[in-house]
Amino acid sequence: IVRLTLPVQGVDALQHNYTGTPWSGALPEAGLQITSLEFPTVGATLSGVLVRPAGNATVPGVILVNGLGRRTRDGGMVGSPLVQDGAKSLAATLARRGFAVLRFDSRGVGRSTGNARTVTLDDRAADCQAAVRALAKVKGIDKKRVAVIASDVGGFGAALAPTKDVQWSAAVLIGPPGDPIDSLLFERVRATPMPPDDAGEAIEQVQRLSELLAGTDLWAAWGG
């Protein structure tokens with residue numbers, strides 16, 4: 001870790017003696033099987049790729065769930081100067097270790113349909129459910145060994161997604177929210193580089209969410 005910033009808690013720690021190497025891009029996918037995959041979700045069709053080891057062996061599956069913003073299947077955010085291929089690199093790493101990894105464009109991004117500006121927590125849960133169902137239909141996937149890796153706000157969708165017919169054996173949450181949802185999302189939007197129009201729209205969505213939850217049992221459960 002070079003720098004740790006927690007805006008809500010007022011923490012900003014910087015490691016001054018770090019001497020690392022520059023980011024050189026996603027790990028190569030040469031030698032892996034790459035298959036395009038489209039699947040329906042509530043109100044949209046999601047598009048992504050399945051990355052898996054070469055050969056016909058049955059392997060466990062992993063689903064990468066995007067976090068906040070208009071995220072591509074590679075993990076990048078549209079309009080952001082930050083690293084754009086983190087999910088692509090992670091998928092290649094896992095595939096070389098014997099996993100089949102599904103990564104997909106968020107709603108309204110890339111080849112996925114839907115409206116990226118109106119995504120709700122229910123939409124995120126539905127998309128996660130749809131990805132699990134789609135992966136389970138792929139030949140050569142061990143349906144009893146499917147895991148979900150979700151980033152930041154995507155963790156909400158992963159937490160809400162399990163049902164009687166949609167289950168997985170493991171979940172990894174990367175940077176999941178740990179503060180009241182309204183304050184966390186406000187700070188996250190302000191700290192994320194994005195076009196001004198997108199930032200304004202994101203803040204409006206958080207405000208609408210705050211108004212919707214205020215005074216309800218859900219609000220109290222989230223610490224509001």
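The exercises below work through a predicted model, each with its solution in steps.

Residues are numbered from 1 along each chain as its sequence is written, and side-chain values use heavy atoms, with hydrogens and water left out. In this predicted model, local features need pLDDT of at least 70 and side-chain atom pairs count only at pLDDT 80 or more, while totals for chains, interfaces and linings use all residues.

**Exercise 1. Confidence**

Find the mean pLDDT of the protein, and a stretch where pLDDT stays under 50.

Solution. Begin with pLDDT itself, which is the predictor's confidence in each residue, from 0 to 100. The mean over the protein is 81, and 76% of its residues reach 70 or more. Next, turn to residues 215–224, where pLDDT stays under 50 and the model has 13 contacts (heavy atoms within 4.5 Å) beyond four places in sequence. Where pLDDT is low, the predicted coordinates should not be read in detail.

**Exercise 2. Strand pairs**

Work out in which sense β3 pairs with β4, and in which sense β7 pairs with β8.

Solution. Two strands pair if DSSP finds at least two bridges between them, and the helices (H or I, at least four residues) and strands (E, at least two) are DSSP runs, numbered from the N terminus. Strand β3 (residues 33–41) runs antiparallel to strand β4 (residues 44–52), and nine bridges join them; L37, for instance, has G48 as its bridge partner in β4. The hairpin of β3 and β4 has two residues between the strands, and G43 takes a positive phi near 80° there. Strands β7 (residues 141–151) and β8 (residues 170–174), in turn, are parallel and share five bridges, with V172 in β8 as the bridge partner of I149. Finally, β7, helix α3 (residues 154–160) and β8 make a β-α-β unit that is right-handed, meaning that, with the strands pointing away from the viewer, the path from the first strand over the helix to the second runs clockwise.

**Exercise 3. An aromatic pair**

Search the whole structure for aromatic pairs, and classify what is found.

Solution. Rings of Phe, Tyr and Trp (its six-membered ring) pair if their centres lie within 6.5 Å, and planes under 30 degrees apart count as stacked, over 60 as edge-to-face and the rest as tilted. The search finds one aromatic pair. The ring centres of F39 and F104 are 5.6 Å apart and the planes stand at 80°, so the pair is edge-to-face. It links distant parts of the chain, with F39 in strand β3 and F104 in strand β6 (residues 100–104), 65 residues apart. Both F39 and F104 are buried (under 20% relative accessible area with a 1.4 Å probe, protein chains only; exposed is over 50%, and partly exposed lies in between).

**Exercise 4. Salt bridges**

Locate the salt bridges of D198 and D74, and state how accessible each partner is.

Solution. A salt bridge is a side-chain nitrogen of Lys or Arg within 4 Å of a carboxyl oxygen of Asp or Glu, and the whole structure has nine. D198 meets R70 at 2.5 Å, N to O. This pair links distant parts of the chain, since D198 is in helix α5 (residues 196–213) and R70 in the loop between β5 and α1, 128 residues apart. D198 is buried at a relative accessible area of 11%, whereas R70 is partly exposed at 27%. D74 meets R103 at 2.7 Å, N to O. Because D74 lies in the loop between β5 and α1 and R103 in strand β6, the pair ties together parts that are 29 residues apart in sequence. D74 is partly exposed at 24%, and R103 is buried at 4%. As a last step, note that E29, D74 and R103 are linked in a network of salt bridges.
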